[in-house]
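Work through the exercises below with the sequence and the model side by side. Try each task before reading its solution.

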Amino acid sequence: MANQFNTIEFLEEYQRYPCLWDKSMPEFSNRIKRDHAEEQLLQITSSINNVKELRQKIRNIRCTYNQEVAKIKSSMRTGSGSSTVYKPKLAWFSYADSFLKKTSDIDNKSDTNLVILITYL
């Protein structure tokens with residue numbers, strides 16, 4: 001029987017390697033450092049067998065996280081009261097948000113600049 005994957009434990013280890021998730025770090029662009037961090041993370045994670053699976057797991061978690069953030073933002077734009085703002089039910093969301101929010105804020109700033117630029121034209 002395969003080991004059960006624990007997303008919160010995985011995120012705790014993933015957070016230790018900001019070169020894998022923090023786009024503002026110079027190491028984020030360094031493929032050698034990222035590969036080394038992935039190898040270290042792979043050694044810790046017993047339920048993932050290779051780097052390809054690890055990258056897919058990270059991609060899935062990040063995609064789900066971004067979808068949840070989009071739902072929150074969408075519910076805030078409706079103009080309804082704060083009681084109707086979407087609250088993620090994922091057990092790991094608040095932990096992931098504690099460190100991934102920084103990178104999504106960077107992404108949103110660039111999106112905002114684009115919207116302003118388009119509005120200006």
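**Exercise 1.** In which helix is the place of Ser 75? Then describe its surroundings.

*Solution.* First, the ground rules. This is a predicted model, where local features need pLDDT of at least 70, side-chain atom pairs count only at pLDDT 80 or more, and totals for chains, interfaces and linings use all residues. Residues are numbered from 1 along each chain as its sequence is written, and side-chain values use heavy atoms, with hydrogens and water left out.

Step 1. Ser 75 is in helix α3. Helices (H or I, at least four residues) and strands (E, at least two) are DSSP runs, numbered from the N terminus.

Step 2. Ser 75 has a relative accessible area of 12% and is buried. The cut-offs are under 20% for buried and over 50% for exposed, with partly exposed in between (1.4 Å probe, protein chains only).

Step 3. Look for contacts (heavy atoms within 4.5 Å). Setting aside residues up to four places away in sequence, Ser 75 touches Thr 84, Val 85 and Tyr 86. A polar atom of the Ser 75 side chain lies 2.8 Å from the backbone nitrogen of Tyr 86.

**Exercise 2.** Place α3 in the chain and check its length.

*Solution.* Step 1. The protein chain has 4 helices and 0 strands. Their order from the N terminus is α-α-α-α.

Step 2. The expected span is 1.5 Å times one less than the number of residues. For the 27 residues of α3 that gives 39 Å, and the end C-alpha atoms are 39 Å apart, which agrees.

Step 3. Inspect the N-terminal end. Asn 50 caps α3 there, with a side-chain oxygen 3.1 Å from the backbone nitrogen of Lys 52.

Step 4. List buried positions. Those in α3 include Val 51, Leu 54, Ile 58, Arg 62, Tyr 65 and Glu 68.

**Exercise 3.** Which residues have the most contacts inside the largest nonpolar core?

*Solution.* Step 1. A nonpolar core is a set of buried Ala, Val, Leu, Ile, Met, Phe, Trp, Tyr and Cys residues joined through side-chain atoms within 4.5 Å. The largest has 23 residues, and Phe 10, Tyr 14 and Leu 41 have the most contacts inside it.

Step 2. Two or more residues come from each of α1, α2 (31-44), α3 and α4. The largest share, 7 residues, is from α3.

Step 3. Follow Leu 41. Leaving aside neighbours within four places in sequence, its contacts include Phe 10, Tyr 14, Leu 54 and Ile 58.

**Exercise 4.** How many aromatic pairs are there? Analyse two of them.

*Solution.* Step 1. Rings of Phe, Tyr and Trp (its six-membered ring) pair if their centres lie within 6.5 Å; planes under 30 degrees apart count as stacked, over 60 as edge-to-face and the rest as tilted. By this rule there are 6 aromatic pairs.

Step 2. Phe 10 and Tyr 14 are stacked, at 6.0 Å centre to centre with 10° between the planes. They are 4 residues apart in helix α1 (residues 7-15), so about one helical turn separates them. Both Phe 10 and Tyr 14 are buried.

Step 3. Tyr 65 and Phe 93 are also stacked, because their centres are 5.3 Å apart and their planes lie at 25°. Tyr 65 is in α3 (residues 51-77) and Phe 93 in α4 (residues 93-120), so the pair ties together parts 28 residues apart in sequence.

Step 4. Widen the view. Phe 5, Phe 10, Tyr 14, Trp 21, Tyr 95 and Phe 99 form one aromatic cluster.

Notes. Polar contact = N/O pair within 3.5 Å; in protein donor to acceptor, adjacent residues only side chain to side chain.
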